[in-house]
Amino acid sequence: MLIAPNTSRAERIDCEVALRLASGRCQQGYFFIADIFGASPKDDIASMEYPLFALKAGDKRVRTYERNGNTVTVMPGSCGCATIHDKDLWIYCISQLMDARNRGRVIAPTVRFTAYDFLIATGRGASGRAYERMEDMLRRLKGTVVETNIETNGQRERRGFGLIDSWRVVEKSPVDDRMVAVEVDLPRWLFRSVDAGKVLTLSDDYWGLRKALDRRIYELV
């Protein structure tokens, strides 16, 4: 990774953390380090078919869907249901995992990445407000619970899970105390789907779709 001479101190810290994460990849076998630049955006097929994510912020409805013997119930947390824009974290992690898998790297359901890389890759910018919104996104993803019996990678079971099992900030910036390195535990249901290659490639222009309904229509089409 090259660090441009005109990079701000905060952004330089982000880049240095990314380099440290990458250099420690071989020693840290229990999590996957998302360090692939320009990975093609990918999404898992099951969540593209079933609307696990809300179209607007603050949605606190319990929603149930049934189709072909599959049932999905989405229950929001105290911050409301995770939105389709919050799903960017899923897409980012899936994209990194699939690219690494195709390169023969070992992948794991625990993904560590830099907040800066995620914000830039998903077209959110790296303002202070973007970091605050990212924390809100992590809270909604953790708080939203899905109960389903959808089969993934040959396994069918009735279970509930958060859209992420947990999240943690593993390193903060000494400049302004914002998150730098973040670690998330993806639900095993999702990881099995990724490991089985049950994903589809999205257009690079997907990140430019700002309206929630446009994103949902794109998923279905």
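Is arginine 188 buried, exposed or partly exposed? Arginine 188 is partly exposed, with a relative accessible area of 39%. That is one small detail of a predicted model, and the tour below starts with its sheet before coming back to the charged pairs.

**The sheet and its helices**

A good place to begin is the open sheet, where four strands line up in the order 1-5-9-8 with mixed pairing. Strand 1 (32–33) and strand 8 (166–172) are the edge strands, each pairing on one side only. Strand 8 runs antiparallel to strand 9 (residues 179–185), and six bridges join the two. To find one of these partners, look at arginine 168, whose bridge partner in strand 9 is glutamate 183.

Two helices that pack on this sheet are worth finding next. Helix 3 (residues 88–102) touches strand 1, strand 5 (110–114) and strand 9, and its direction makes about 105° with that of strand 5. Helix 5 (residues 128–143) touches strand 5, strand 8 and strand 9, and its direction makes about 15° with that of strand 9.

Helix 3 deserves a second look. Its 15 residues reach 21 Å from the first C-alpha to the last, close to the 21 Å expected at 1.5 Å a residue. Helix 3 is also mostly covered, with 13 of its 15 residues buried. Just after this helix comes glycine 104, which takes a positive phi of about 85°.

**The nonpolar core**

In soluble globular proteins, nonpolar side chains tend to be buried together. Here the largest nonpolar core has 55 residues, and Leu89, Phe113 and Val184 have the most contacts inside it. Among the elements that give two or more residues to this core are helix 2 (45–49), strand 4 (70–75), strand 5 and helix 6. Helix 3 gives the most, with nine residues.

Valine 184 makes a handy landmark. Leaving aside its neighbours within four places in sequence, valine 184 is in contact with residues including Leu89, Cys93, Phe113, Leu138 and Trp167.

**Charged pairs**

A search of the whole structure finds 18 salt bridges. Here are three of them.

| Salt bridge | N to O distance |
|---|---|
| aspartate 88 and arginine 124 | 2.8 Å |
| glutamate 132 and arginine 129 | 3.1 Å |
| aspartate 165 and arginine 188 | 3.8 Å |

The pair of aspartate 88 and arginine 124 links distant parts of the chain, 36 residues apart: aspartate 88 is in helix 3, and arginine 124 is in the loop between helix 4 (115–121) and helix 5. Aspartate 88 counts as buried because its relative accessibility is 1%, under the 20% cut-off. Arginine 124, in contrast, is partly exposed, at 26%.

Glutamate 132 and arginine 129 both lie in helix 5, three residues apart, about one turn of the helix. An α-helix has 3.6 residues a turn, so residues three or four places apart point the same way. Glutamate 132 is partly exposed at 45% relative accessibility, and arginine 129 is partly exposed at 42%.

That brings us back to arginine 188, which forms a salt bridge with aspartate 165. Aspartate 165 lies in the loop between strand 7 (159–162) and strand 8, while arginine 188 is in helix 6 (residues 188–195), so the pair ties together parts that are 23 residues apart in sequence. Aspartate 165 is partly exposed, at 31% relative accessibility. Elsewhere, salt bridges that share partners join Asp43, Lys87, Arg216 and Glu219 into one network.

Definitions and conventions
Residues are numbered from 1 along each chain as its sequence is written. This is a predicted model: local features need pLDDT of at least 70, side-chain atom pairs count only at pLDDT 80 or more; totals for chains, interfaces and linings use all residues. Side-chain values use heavy atoms; hydrogens and water are left out. Two strands pair if DSSP finds at least two bridges between them. Contact means heavy atoms within 4.5 Å. Axes are lines fitted to C-alpha atoms, for helices over the stretch in contact, and angles run from 0 to 180 degrees between N-to-C directions. The expected span of a helix is 1.5 Å times one less than its number of residues. Buried means under 20% relative accessible area, exposed over 50%, partly exposed in between (1.4 Å probe, protein chains only). A salt bridge is a side-chain nitrogen of Lys or Arg within 4 Å of a carboxyl oxygen of Asp or Glu. A nonpolar core is a set of buried Ala, Val, Leu, Ile, Met, Phe, Trp, Tyr and Cys residues joined through side-chain atoms within 4.5 Å.
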